[in-house]
Each structure stands twice: as C-alpha cells, then as structure tokens.
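Work through these exercises with the structure open beside you. Try each task before you read its solution.

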Amino acid sequence: MEWLRLSPEEWTAVQLSIKVATWAMVASLPPGIVIAMLLARGRFWGKSVLNGIVHLPLILPPVVTGYLLLLTFGRRGPVGAFLAENFGIVFAFRWTGAALACGIMGFPLMVRAIRLSIEAVDRKLEAAAGTLGASPTWVFATITLPLILPGIIAGMILSFAKAMGEFGATITFVSNIPGETQTLPSAIYTFTQVPGGDAGAMRLTLVSIVIAMGALVASEMLARRVGRRMDVE
Amino acid sequence: MTLSVEISHRLGDFSLEASFESDGGLTALFGPSGSGKTSLVNLIGGLIRPKTGRIVADSRVLVDTKTRTFLPKHKRRIGYVFQDARLFPHLSVSQNLCYGRWFTPSNDRYANMEGVIDLLGIGHLLDRRPAFLSGGEKQRVAIGRALIASPRLILMDEPLASLDEARKAEIMPYIERLRDETKIPIVYVSHSIAEVARLATDVVMLSAGRVTAAGPTAQVMQRIDLLPAEERGEGGAVLDMSIAAQDERYGMTVLRSSAGEMRVPRLASEIGRTVRIRIRARDVIVATSEPRGISALNILAGKVEAVKFDDGAGADIGIDCGGQKIIARITRQSVESLGLSKGQSVFAIVKTVSFETAT
C-alpha cells in the first residue's frame with residue numbers, strides 16, 4: 001500500500017484545493033444571497049441582463065471566462081491594477097486568483113439554488129411576521145433566512161463541488177504553479193502529461209473521490225437535519 | 001378605543017369605498033365573498049395602501065393620503081389572525097407565541113403569556129411544531145400569537161372559514177372569551193350569519209365594495225333584504241333575553257325579555273344571565289288570532305311594524321313584540337289572505353330558536 005502515500009507536493013495540491021474551494025464558497029455566499037434575492041423578488045430595469053451575466057460562466061467555455069478574468073483582474077487589467085495599487089490585493093498567478101475563478105464559475109449554481117428556495121417561501125408568512133412587529137430586516141433574519149436555509153446549503157455544496165473540479169478558468173487565469181495555484185485537477189493534468197505519472201494521478205484521483213463523497217454525505221446529513229427541524233406543512 | 005375608517009381603493013375592476021367607525025367590542029365586517037371585507041382589514045392592518053382615505057385608531061393616524069402618512073404594518077401594533085393561521089413552520093408553538101412579544105416595546109407589553117395560553121387552552125401544545133397541530137389547534141395558536149404581541153386592535157379574517165363545524169364550535173367560545181375578558185377591540189371578517197349573530201357587538205354590512213348597513217348587531221341582522229342570497233334563509237331577528245327560571249320537570253329553561261316569555265330546551269346556565277338567541281325569519285309563523293291546540297310552545301304577541309315584499313313570492317313581516325323586533329318570512333299570498341297591514345295585532349309562533357351565546 002506504499003504507493004498510496006501522498007508525496008509532499010501532492011499533499012500541497014490537496015490542501016490548496018480545499019483552501020481555494022472553501023474561500024470560493026464562503027466569499028461568494030453573501031453576494032450570492034443578495035443577487036438571488038434581487039432576481040427572485042426585485043423589480044427593476046435590467047433584471048434579465050443581470051440574470052444573463054450571472055449565468056454567463058455556466059454557458060461560456062471556461063477558458064473564455066479565465067481569459068476575461070485575466071484581462072480584467074490581471075496586473076495590467078483595469079480592476080486588477082486598481083486593486084493592486086490601492087489595496088495591495090493581487091489575483092494574477094496567486095491562489096486568491098484561483099479562488100476568484102472558482103467562485104465565479106460556481107456562482108450561477110449557487111445563485112440558482114438559493115433563488116429557487118426564495119421563490120418557494122410563502123410570502124404570507126413574511127406578512128404575518130410584519131403584523132407581529134418585525135421590521136423588514138428582522139423578517140428576513142428570522143423568517144426568510146431560516147426558511148431558505150436548505151437552499152443555501154445546497155448552493156454552498158454546489159459551489160464547493162464546482163470549485164474542487166474547476167480547471168479551465170483557473171489554469172487560464174492563474175496558470176499551474178505548484179504550491180501557489182496548482183489545485184487537484186491541475187496536478188492530475190500535470191501527472192498525465194509526464195511519463196510515469198500514472199501512480200500520482202491515481203492517488204490524487206482517489207483523494208478527489210473521497211473529498212467529493214465526504215462533501216456529499218455531509219451535505220445530505222446537514223440538509224436532513226434542517227429538513228427535520230422544518231417539517232414544512 | 002375608537003377606530004375610524006374612511007377609504008377609497010381600487011383593485012382592477014373592483015372599487016372599495018367604505019367608511020365606518022367602531023367603539024370597541026367586536027365589529028363584524030359582514031358580506032358575501034368579493035364584497036371587499038378582506039381588502040378592508042388588509043388596509044387597516046397596513047398590508048395594502050389605499051388610493052385615498054384615512055384610518056385612525058384612537059388618536060393615532062395609521063393612514064392619511066392627504067398628509068401622505070402611512071404607518072408600516074410592523075409599527076401599527078395591530079394583531080392579525082389570518083384565515084390560514086400562517087404559523088411559522090420552522091418555529092415551535094411556544095416560539096411562535098413569543099415571536100411578536102419580542103418586537104413589542106417593553107412598556108407596551110400588557111399581554112400575560114400564561115393568561116393567554118390558559119384562555120386558549122394551548123398549554124399542552126407548546127413544544128410541538130405547527131405541522132403536528134390540527135386545524136383548530138393551529139387557529140388557536142394563531143390567535144394566541146396575535147394576542148401575546150399586546151396589540152391595540154385585533155383583525156380576524158374569517159378565522160373559522162377553513163374549519164369544519166366541530167372545529168368552529170371548538171374555537172367560538174375562545175373568541176367570545178377574548179371579546180368579553182380582554183378589552184381589545186376586534187374587527188372580525190365573516191360571511192356567516194351564525195358567526196356574526198353569535199360574536200358581534202356591531203355589524204358593518206358590505207356589498208360590492210360599499211357599506212350597506214352599519215350598527216348594533218340586532219338592528220343590522222334584521223335587514224334580511226341586504227343579506228347575500230345564499231344566506232337569506234339564515235336571516236332573522238337577534239334578541240337578547242335573560243334566563244328567568246329552570247323547569248326541572250320538563251328539562252326546559254324559561255327566557256324572558258320585554259317581548260315576553262320563551263321556553264327552550266334546558267340551557268346549562270345560571271338564572272339571571274343574558275343569552276343571545278337568533279330566530280330565523282323562516283321559522284316564524286304569523287297568526288291573526290291566538291292559536292290553540294298547537295305544539296309550538298313559543299307564541300309572542302305583537303304588532304305588525306312593516307310589511308316588505310320581495311321580488312318573488314315572499315314577504316318579510318316585521319313584528320314589534322314589546323319593543324323587540326321579530327321578523328317572519330311568509331308568502332305574499334298569506335299576507336293577502338290574512339289581510340296583514342301595519343299596526344295590526346298578530347301572534348308570532350316561533351318554531352325554532354337558535355342559541356348564539358350564553359354570556
């Protein structure tokens with residue numbers, strides 16, 4: 001079973017992948033809820049345009065998304081240059097860039113799951129909470145948010161899963177630098193490109209399967225607990 | 001507490017123009033479906049904004065389109081009991097009950113939680129989730145939830161409409177206790193005469209978005225001509241009588257009022273208490289001389305006060321019995337063959353008496 005042992009480089013790739021996916025998921029959650037709320041409830045000019053932009057990463061080839069990110073968030077890109085000069089935040093060829101790319105690729109999936117659960121909320125319950133003295137903010141915090149929790153969990157899982165598997169946009173935007181931007185998929189890709197890399201590719205593949213299964217089981221358990229608490233009539 | 005409403009509102013083809021005042025007690029908004037009852041309570045509760053109008057509760061202006069005042073619903077402190085309970089599914093019964101209390105400023109909290117739980121008999125449900133309650137239990141919890149928020153006014157939108165007769169009978173006494181034991185004014189929407197006659201102190205009758213009659217229950221209920229067609233058979237007089245004696249031998253109770261005496265199957269209530277009875281117009285027979293050899297026990301003497309023919313073969317005869325009014329619904333033919341006219345002495349034979357309350 002010696003061949004199962006991960007080399008330090010492989011271990012780094014696994015840790016980096018988890019870090020990138022977690023950040024992608026956590027950072028896209030607040031804007032994900034806001035955009036889902038706007039799309040589900042808002043009435044404003046340009047709503048379909050916003051909807052289109054949010055869904056774009058789902059339809060475009062990932063390489064295109066990655067290239068667009070490079071153009072905007074790269075060191076010479078308008079946003080990238082601004083952030084680097086004023087806040088010292090650099091995305092290009094950093095793990096933060098990988099997290100950004102993964103977050104954007106998973107964003108439509110997250111927004112969709114949350115939006116559907118917001119649309120399923122009975123607005124009469126919110127009106128009832130209002131008559132009991134709850135201001136709109138409190139109604140959201142105490143009624144809407146708990147009711148859409150299953151959708152939020154589903155959205156987070158989808159975003160995390162997408163981030164763990166993201167390849168095209170990441171490699172285009174931040175390349176494939178071991179220890180900095182080399183996530184699991186890029187590492188596996190690298191192994192398949194060199195002679196004798198089969199064992200490494202297989203090890204990382206197994207790791208991918210374990211992480212994916214673990215995330216799935218955890219989400220099922222979480223969703224079931226929330227579901228039991230709810231017992232929606 | 002006085003509530004004054006003067007509103008004009010438009011919803012598509014439907015226009016609502018209503019004004020009424022209420023001085024506490026239970027005011028019923030009564031009318032057929034589509035008459036604007038629910039829109040009216042939604043306007044009072046702040047769920048919708050009127051096009052023009054003014055709603056004032058005590059001296060608090062809730063809405064005034066002239067001064068562009070609109071108090072949002074969460075600042076009105078008006079309890080709302082919906083037809084469909086609307087309990088929060090993710091909270092337990094006790095959390096549902098406490099919800100409104102949390103948002104009530106502490107010096108405005110007058111509701112006593114234990115008292116309300118007792119009043120509604122929901123103490124054994126506190127740990128349950130709404131999904132595990134029966135329809136009647138849900139509605140009682142919904143009433144409790146509105147009460148515990150210490151409202152200044154309670155709106156009830158057909159709280160019994162989605163329940164079967166047994167459940168209705170289960171909840172009505174609680175609403176009566178609410179009306180009598182707390183001093184919170186209630187605005188109660190209903191299309192059922194039985195509910196209105198039993199619960200209401202005042203009635204505002206609505207039809208197609210207009211107020212057709214308003215006043216004390218006994219007065220308004222006599223306007224059979226204003227009732228929706230499907231409820232016309234239920235229309236009639238509402239009388240308050242006191243229990244004069246209990247007849248143990250026959251198991252009967254004797255009721256007395258200025259109209260005379262009535263004997264009814266035994267009521268489990270103390271002598272001296274007031275009961276509200278409803279006498280359907282179709283259950284009253286008119287005789288011009290005192291009938292003999294008849295099984296009916298309740299014969300009241302009176303004078304014809306009004307004869308109102310309808311579009312068909314029927315007529316409503318208003319009979320003044322010692323100051324209380326009874327209505328008889330008979331045929332046009334009978335009116336002519338008896339030669340009934342205003343001021344004539346007649347006897348009203350009451351076949352059935354429905355009891356609405358024992359207060």
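This is a predicted model. In chain A, 74% of the contacts with a separation of 6 or more join residues 24 or more positions apart.

**Exercise 1. Describe the overall make-up of chain A.**

Step 1. Count the elements. Chain A has 10 helices and zero strands.

Step 2. Read them in order. From the N terminus, the pattern is α-α-α-α-α-α-α-α-α-α.

Step 3. Box the chain. Along the principal axes, the C-alpha atoms of chain A fill roughly 70 × 45 × 30 Å.

Step 4. Check burial. Of the 233 residues in chain A, 39% are buried.

**Exercise 2. Work out how helix 1 of chain A is oriented to helix 7 of chain A.**

Step 1. Find the helices. Helix 1 of chain A covers residues 8-41, and helix 7 of chain A covers residues 136-165.

Step 2. Take the axes. They come within 8 Å and cross at roughly 140°.

Step 3. Classify the angle. Angles over 145 degrees would count as roughly antiparallel. Helix 1 and helix 7 of chain A are therefore oblique to each other.

Step 4. Give the hand. Helix 1 of chain A passes helix 7 of chain A in a right-handed crossing.

Step 5. List contact residues. On helix 1 of chain A they include Ser17(A), Ala21(A), Ala24(A), Ser28(A) and Gly32(A). On helix 7 of chain A they include Gly155(A), Met156(A), Ser159(A), Phe160(A) and Ala163(A).

Step 6. Look at the spacing. An α-helix has 3.6 residues a turn, so residues three or four places apart point the same way.

**Exercise 3. Repeat the analysis for helix 1 and helix 2 of chain A.**

Step 1. Take the axes. Helix 2 of chain A spans residues 47-59. Its axis and that of helix 1 of chain A come within 10 Å and cross at roughly 140°.

Step 2. Classify the angle. Helix 1 and helix 2 of chain A are therefore oblique to each other.

Step 3. Give the hand. Helix 1 of chain A passes helix 2 of chain A in a left-handed crossing.

Step 4. List the contacts. Ile35(A), Leu38(A) and Leu39(A) in helix 1 of chain A meet Lys47(A), Leu50(A), Asn51(A) and Val54(A) in helix 2 of chain A.

**Exercise 4. Find which element of chain A gives the largest share of the side that touches chain B.**

Step 1. Count the residues. The contact takes 19 from chain A and 22 from chain B.

Step 2. Name the contributors. Helix 6, helix 7 and helix 10 (198-230) of chain A each give two or more residues to this side.

Step 3. Pick the largest share. Helix 6 of chain A gives it, with six residues.

Step 4. Look along helix 6 of chain A, residues 123-131. Ala128(A), Ala129(A), Gly130(A) and Thr131(A) are buried there.

Step 5. Ask what covers them. The cover includes helix 7 of chain A, plus helix 1 (37-45) and strand 7 (78-81) of chain B.

Step 6. Look just past the helix end. Gly133(A) takes a positive phi of about 105°.

**Exercise 5. Place strand 9 of chain B among its neighbours and decide whether it is covered or open.**

Step 1. Check burial. Strand 9 of chain B runs over residues 186-190, and five of its five residues are buried.

Step 2. Split the faces. Ile186(B), Tyr188(B) and Ser190(B) lie on one side. Val187(B) and Val189(B) lie on the other. Both faces are covered.

Step 3. Find one partner. Five bridges join strand 3 (residues 26-30) of chain B to strand 9 of chain B, and the two run parallel. Leu29(B) has Val189(B) as its bridge partner.

Step 4. Find another partner. Strand 8 (residues 153-157) of chain B also runs parallel to strand 9 of chain B, joined by four bridges. Ile154(B) stands opposite Ile186(B).

Step 5. Trace the connection. From strand 8 of chain B, the chain goes through helix 5 (residues 165-181) to strand 9 in a right-handed β-α-β crossover.

**Exercise 6. Describe the sheet with strand order 16-20-17-18-19 in chain B.**

Step 1. State the type. Five strands form an open sheet with antiparallel pairing.

Step 2. Find the edges. Strand 16 (284-287) and strand 19 (324-331) of chain B each pair on one side only.

Step 3. Give the turn. Neighbouring strands are turned by 45° against each other on average, direction ignored.

Step 4. Zoom in on a pair. Eight bridges join strand 18 (residues 314-321) of chain B to strand 19 of chain B. Asp320(B) has Lys325(B) as its bridge partner.

**Exercise 7. Decide whether Gln95(B) is buried, partly exposed or exposed.**

Step 1. Locate Gln95(B). It is in helix 2 (residues 93-102) of chain B.

Step 2. Count neighbours. Gln95(B) has 17 C-beta neighbours inside 10 Å.

Step 3. Apply the cut-offs. Buried needs 20 or more, and exposed means 12 or fewer. Gln95(B) therefore counts as partly exposed.

How values were computed. Residues numbered from 1 in each chain as written. Chains lettered and ligands numbered in written order. Predicted model: local features only at pLDDT ≥ 70, side-chain atom pairs only at ≥ 80, totals over all residues. Pairing = 2+ DSSP bridges. Right-handed = clockwise from strand over helix to strand, strands pointing away. Axes fitted to C-alpha atoms, helices over the stretch in contact; angles between N-to-C directions. Parallel < 35°, antiparallel > 145°, perpendicular 65-115°, else oblique. Left-handed = near helix turned anticlockwise from the far one by under 90°. Contact = placed C-beta atoms within 7 Å.
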